[in-house]
Structure formats: C-alpha cells, structure tokens
Amino acid sequence: MRKLLLVGCAALALGGGAAAMAQNARNNSTFEAIQLFGDVMAVVKQAYVVPVDDKKLVEAALSGMMTALDPHSSYLAPAGFGELRERTEGQYSGVGLTISAEGGFVKVISPMDGGPAARAGVQAGDVISSIEGMTAAGLSVSEVSEKLRGAAGTDVRVTFLRDGADPLEVTLTREIIKIESVTGRVEGDFGYVRISTFNENTGRELNEVMARLQGENPNIKGYVLDLRNNGGGLLTAAIAVSDAFLERGEIVSQRGRRPEQIERYSARPGDLANGLPVVVLVNYGSASASEIVAGALKDHQRATIVGLTSFGKGSVQTVIPMRGGQDGAVSITTARYYTPSGASIQKIGIEPDLEVSRSFAEAGIVARSNFIYSEAAYSTALDASIGAERKGPHVPVEAPGEDYPDDKDYQLERAFDVLRAGGDLTELAAAPEGIVVTPPGTEPAQMAATSTPE
C-alpha cells in the first residue's frame, strides 16, 4: 500500500511539474508576442513617413486583434462604447443603420424603421462603398459608425453597393433616432405587431401595444409578429418577447467554453395572445435576438414561421468596460445560442415553415449563393458546433411574379392567409394566381438564368 501511495504521489508531482512547464511556455509565448508588438510599434514611430499618434495605433491594433476572432468581437473606443449604450437605451443621433464588417467591407445588417437610411431606400445586405466621397474599404465598424454619426440636422453623403443594381448615392440627414421598438395595428380580424429592435423598452412596449390592439378589437383572431430586418439587440428583451407568448418551457440556452458556463432561460405562465394563432415573419435581415424569438416559438409550436431563412447570428457577445469605460470596452464572443430543441442558430439561421420571398427580385438573390447575405458568408464566422450547415442556393417555394405591385407585401399577405387557416399549413389555401411556386426538382441555376431581373 505504501508503494502504491508513493507512486501516486510521484505521478502527481510529475503531472504538476508538466502543467507548470506548459503554463510557463504559454506565459513566455504571450510575453514574446507583446514584445513583438512593442518592437513593431517602435519601428512605426521611428520609420513611418509622417509622425503617428500612439493612441490611434494602439486602438487600431486592438480593433484588428478582436475582429480577427470573429465578425462580432470588437474593441470599442470610448465614443463607440457610448454609442452602444445609447442604442440599448433607445435613443441616439445618426442615420439609423445596424452594420457589421466582412472581408474588408462594412455591410448593412438592417436599416432601422423610419430612420433616414430606411427612408432613402437602403436595404439589408447593402455594402457601404464610400462616405463623403472617401472609400470605406478597410474601415472597421467603429470607424464607419463614427463617420456616420453626428449632430442632428447635419448631412452625410454615402454610397451603397447592391447586387444587380447601380451604386446608390444618397445624402442622409442625421437626426435623433428615437427607437420605438414596438408598433402595431389592427388589420381586419388580426393584429399586426412590428418589432424593429430589441432594447430596454421592448418588453414594456410589447405589453402596451398588445393591450391597445385587444382594446381596439376584442375579437382578434390571431397575430402577425414581424421581425424582418430586425438586427437584434438585448438578450433580456428577446427573452421577454418570447415569454410573452409562451406558458412554459425553455426559451433559449447559451453555452460557453466550459460546462459550467451553460445558462438556460425559461418562460413563466402567461400568454399575451391568449392562445390565439401567431405567425412570425423573418428574412435574412432578422438576426440574433430576432432568431431567439423565432426559434423559441417555432420549437414550442407556438407560432408558424413565414418568410426567408434568418441571418444566422447565434453567438453571445459580452461587453467588458476597460477602466470603467474610460478606455472604451471590449465586446467579445463568449458563448453560442441554442433553441429549445438544441439546434444551433449560428451560421444556420431559423428556417421558415412556409418559405416566401417578398419580391421576384429577392427570389433571384436567394437562388444565387454568392449574394446571400448571412452569417455564413463571413470568412471568420464562428462554426455552428453541431455539424449542420445553412441551406445553400435554391429557389424559394413561393415568390410573386415580376408584375406584382411594389407597394404590396406578399410575405405579409401570406402570413394573414396562415392565420385565416388557424395557423395550420395543411389547411392553407393555395398560392394565388401569378405566384411562382417552385416545381419539384427546379435547380437554382435555372432561376438565376431565367428569372433574375437584369
């Protein structure tokens, strides 16, 4: 017994020694990397053609380090950190865009409802090409954001690039963006609820809007929850919205690097819609918090999802202030989101129960993989972790024809059709005349070659 004990102690000592050596090696590697950074910075300061600002160099280095991790990790300079806080509080001054960086360009995730950019016709997936005549290529999200923000009433000239269209150059007048995250109206027998973003006020506003709609029509037969072009926001707001329509069960879970980092969020009793059918509208501009809501309601069979596969941002960012925010903050990816069924949102998105494009042109975009704007398009995107992949290029099941009126919303019309069928797709009426319904075996290339506008 004594010999066994000694052997065990020797093994423990050797294991501890190996761990210590490994830790020392890691520390040395980190020290060498920091030393290299200092050496390069010294060369730049000494040899660059013009004097450089130390603070700008360090901020640029920090920004590059974070964006190398994944598209949503970033360093926020003090101004950018302030902007983030303003957005989550529901008001800021700017042009009304949610943006992200990919491949050296900054793209629009979604324009904010009623903002200057939305009124000018900017769409999800548009690439910001230039600002005030200067190229935006190579700029970080924070740098572009800084150029777009400014005092209310001032103008900024921006050029956007879009698939299949000429460059769109617009002059946007900055204004105070008061984010009314939830709006709604009664349409016949149904309630229509639009959530444009998820901020600190969303849960309260949803309760107020639902109460108002029920007061206007006590005999409402169902609700459409429109999350299209909603780029996300606060996790707490997404949980509140999901909880509003669920009586029980898990809403979402998040899983980090270690098992103890798993967190689960569950619904409490109470359904604002009183069990009436709900349809959730999504498209490839629906991201993050929008996908949490759509995934939770879909998995619990509480809602029918209509539209196009969502963006696929299923990662959690934690904002860590540096010196209380005096030196800005680090927004770093710390976990992935999973729907109640255990499905990963990351790079995959939420697939609709009824796939419908809003327009004929949009159907053509979905049929061409290289123009699909989604999380999966980012070369540095975090993987899904479950081996699944986003659906590739294909022709949407339903799409309006070329002559469908621009002022009509085909996705919304089909959402109301689903409500008329009591939320049961097996009872859904056939698509009306003039609607393209994908024939079995249709190849995406055929759609791209024969149906895409010039």
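A charge is taken to sit over an aromatic ring if NZ of Lys or CZ of Arg is within 6 Å of the ring centre and within 35 degrees of the ring normal. In this predicted model, Arg255 lies over the face of Tyr338, at 3.9 Å from the ring centre. A further contact of this kind involves Arg185, whose charged end sits over the ring of Tyr192 at 4.1 Å from the centre of that ring.

Contacts between aromatic rings were examined as well, and a search of the whole structure finds 3 aromatic pairs. One of them is formed by Phe190 and Phe416, whose ring centres are 5.9 Å apart and whose planes meet at 20°, so that the pair is classed as stacked, the cut-off for this class being planes under 30 degrees apart. This pair links distant parts of the chain, since Phe190 belongs to strand E11 (residues 190-195) and Phe416 to helix H10 (residues 410-420), with the two positions 226 residues apart in numbering. Phe190 has a relative accessibility of 7% and therefore counts as buried; Phe416, at 3% relative accessibility, likewise counts as buried.

Another aromatic pair, that of Phe311 and Tyr378, is edge-to-face, with 6.3 Å from centre to centre and 65° between the planes. Here too the pair links distant parts of the chain, 67 residues apart: Phe311 is found in the loop between strand E16 (304-307) and strand E17 (315-321), whereas Tyr378 is found in the loop between helix H9 (360-366) and strand E20 (398-400). Both Phe311 and Tyr378 are buried.

Note on methods:
Residues are numbered from 1 along each chain as its sequence is written. This is a predicted model: local features need pLDDT of at least 70, side-chain atom pairs count only at pLDDT 80 or more; totals for chains, interfaces and linings use all residues. Side-chain values use heavy atoms; hydrogens and water are left out. Rings of Phe, Tyr and Trp (its six-membered ring) pair if their centres lie within 6.5 Å; planes under 30 degrees apart count as stacked, over 60 as edge-to-face and the rest as tilted. Helices (H or I, at least four residues) and strands (E, at least two) are DSSP runs, numbered from the N terminus. Buried means under 20% relative accessible area, exposed over 50%, partly exposed in between (1.4 Å probe, protein chains only).
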